[in-house]
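Visitor: Could you give me a close look at just one part, the sheet? I'd like to follow it strand by strand.

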Amino acid sequence: MFGITVRDHFMVAHSFRGEVFGPAQGLHGATFVVDATFRRAELDADNIVVDIGLATRELGEVLRGLNYRNLDDEPEFEGVNTTTEYLAKVVADRLAARIHAGTMGESARGLSGIAVTLRESHVAWASYERGL
């Protein structure tokens with residue numbers, strides 16, 4: 001399996017519901033470093049997994065919709081604990097939608113999977129992986 005990874009970041013404010021979250025139940029900020037890995041079994045006709053420039057651009061577009069937002073105020077996240085794990089899935093699903101829409105080029109339709117890792121610090125991160 002071949003893979004390429006592109007990286008970006010975004011910043012949010014949010015709070016969590018539930019005793020398990022301790023002090024994070026209060027409104028707090030988070031800066032996530034995001035790694036998006038695109039996978040395919042065979043390289044395309046140009047011997048690449050996907051165009052790195054397009055992958056970088058599309059990851060930036062997905063993150064632009066989350067960056068500098070208080071997720072508690074976003075209707076799409078109403079009643080949701082926007083944990084690192086949950087946000088990794090949100091980013092992966094939004095990237096998958098863009099791939100299916102063709103924004104990463106026709107060759108990207110040959111991708112078999114995507115994995116998104118959100119690093120919330122140098123010692124803690126979460127990932128979500130899905131097929132395409």
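Guide: Sure! Helices (H or I, at least four residues) and strands (E, at least two) are DSSP runs, numbered from the N terminus. What you see is a predicted model, where local features need pLDDT of at least 70 and side-chain atom pairs count only at pLDDT 80 or more, while totals for chains, interfaces and linings use all residues. Residues are numbered from 1 along each chain as its sequence is written, and side-chain values use heavy atoms, with hydrogens and water left out.

Now the sheet. It is an open one of five strands, and reading across you meet S3-S1-S2-S4-S5, with mixed pairing. (Two strands pair if DSSP finds at least two bridges between them.) At the edges stand S3 (69-70) and S5 (125-131); each has a single partner strand, so one side of each is left without a neighbour in the sheet.

Let's walk across from the S3 edge. S3 and S1 (residues 2-14) run parallel and are joined by two bridges. Look for Ala-13, which sits opposite Asn-70 of S3. Ala-13 also has Gly-29 of S2 opposite it. S1 and S2 are antiparallel, with 13 bridges joining them. Keep going and you reach the pairing of S2 with S4, antiparallel again, over seven bridges. Val-34 is a handy marker here, as its bridge partner in S4 is Leu-118.

Next, the helices that go with the sheet. H1 (residues 52-64) lies across S1, S2 and S3 and runs at about 20° to S1. (Angles like this run from 0 to 180 degrees between N-to-C directions, with axes as lines fitted to C-alpha atoms, for helices over the stretch in contact.) H2 packs on the sheet too, touching S2, S4 (113-119) and S5, and its direction makes about 35° with that of S5. Contact here means heavy atoms within 4.5 Å.

Let's finish at the other edge, with Trp-125, which belongs to S5. Setting aside its neighbours within four places in sequence, Trp-125 is in contact with Thr-117, Leu-118, Arg-119 and Glu-120. You've already met one of these, Leu-118, as the partner of Val-34. Trp-125 is partly exposed, with a relative accessible area of 47%; buried means under 20%, exposed over 50%, and partly exposed in between (1.4 Å probe, protein chains only). How far apart are Trp-125 and Ala-13 in sequence and in space? They are 112 residues apart along the chain and 17 Å apart in space, C-alpha to C-alpha.
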